[in-house]
Amino acid sequence: MAVKRTEAMIQRACLDWLKMFKKNHNIIYFRAGVGSFKTAQGRYVRTGTPGLADICAVYDGVFYGIEIKTATGRMSQAQKKFKQELKAAGGQYHLVRSVSDIKEIFK
């Protein structure tokens, strides 16, 4: 029986691959998060922007938004909006469902 891969598993594998890729290529990447938290002083702080891709990267002068989904996962409306805005600004946006997908982007 095949193992059902979660988004977290796919994301970890993609980040691991990017780490190896970085050894021989000039790329910067990071795991991006959106959310909020309460500070010790009781203030709420929001981070990120709605729909922000899971992984952001800059490679060869181009900004990449990489959204991780399972085989059946679907993008939210906020993610679709971010994709449109990023592409309009000259960046690239990719929906990734496996390490093979991310390898294709940076080949």
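Arg12 is partly exposed, with a relative accessible area of 46%; this label covers the range between buried, under 20% relative accessible area, and exposed, over 50%, as found with a 1.4 Å probe on protein chains only. Its partner Asp16 is likewise partly exposed, at 38%. The two side chains meet in a salt bridge with an N to O distance of 3.2 Å, where a salt bridge is a side-chain nitrogen of Lys or Arg within 4 Å of a carboxyl oxygen of Asp or Glu. Because Arg12 and Asp16 stand four residues apart in helix H1 (residues 7–22), about one helical turn separates them. Helices (H or I, at least four residues) and strands (E, at least two) are DSSP runs, numbered from the N terminus.

The model is a predicted one, in which local features need pLDDT of at least 70 and side-chain atom pairs count only at pLDDT 80 or more, while totals for chains, interfaces and linings use all residues. Residues are numbered from 1 along each chain as its sequence is written, and side-chain values use heavy atoms, with hydrogens and water left out.

The whole structure holds five salt bridges. One of them joins Lys81 to Glu85, with the closest N and O atoms 3.6 Å apart. These two residues are again about one helical turn from each other, since they lie four residues apart in helix H2 (residues 77–88). Glu85 is partly exposed, with a relative accessible area of 45%. A further salt bridge links Glu104 and Lys107, whose closest N and O atoms are 3.2 Å apart. Here Glu104 is partly exposed at 49%, whereas Lys107 counts as exposed at 76%. Glu7, Glu67 and Lys69 are joined into one network by salt bridges that share partners.

Turning to the strands, four of them form an open sheet of mixed pairing, in the order E1-E4-E5-E6; two strands are taken to pair if DSSP finds at least two bridges between them. Strand E1 (27–31) and strand E6 (92–96) are the edge strands, each pairing on one side only. On average, neighbouring strands of the sheet are turned by 20° against each other, direction ignored. E1 and E4 run antiparallel and are joined by five bridges, and Arg31 has Ile55 in E4 as its bridge partner. Helix H1 packs on this sheet, touching E1, E4, E5 and E6, and its direction makes about 160° with that of E1. Helix H2 also packs on the sheet, where it touches E5 and E6 and makes about 145° with the direction of E6. For these angles, axes are lines fitted to C-alpha atoms, for helices over the stretch in contact, and the values run from 0 to 180 degrees between N-to-C directions.

A separate pairing is found between strand E2 (residues 35–38) and strand E3 (residues 44–47), which are antiparallel over four bridges. Ser36 has Arg46 in E3 as its bridge partner. The two strands form a hairpin with five residues between them, and Gly42 in the turn has a positive phi of about 90°.

What lies inside? The largest nonpolar core has 17 residues, of which Ile66, Ile102 and Phe106 touch the most other members; such a core is a set of buried Ala, Val, Leu, Ile, Met, Phe, Trp, Tyr and Cys residues joined through side-chain atoms within 4.5 Å. H1, E4, strand E5 (62–68) and helix H3 (99–105) each supply at least two residues of this core, and H1 gives the most, with six. Beyond its neighbours within four places in sequence, Ile66 is in contact (heavy atoms within 4.5 Å) with Ala53, Asp54, Ile55, His94, Val96, Ile102 and Phe106. Apart from this core lies another, of eight residues, among them Ala53, Cys56, Leu86 and Tyr93.

Cys56 lies in strand E4 (residues 55–59) and counts as buried, at 1% relative accessibility. The C-alpha atoms of Cys56 and Arg31 are separated by 6.5 Å, although the residues are 25 apart along the chain. Outside its neighbours within four places in sequence, Cys56 has contacts that include Ile28, Tyr29, Phe30 and Phe63.

Why does Cys56 form no bond with the closest cysteine sulfur? The sulfur of Cys56 is 14 Å from that of Cys14, which is too far for a bond. Taking a disulfide as a pair of cysteine sulfur atoms within 2.5 Å, the count comes to zero. Cys14 is in no disulfide and counts as buried, at 0% relative accessibility.
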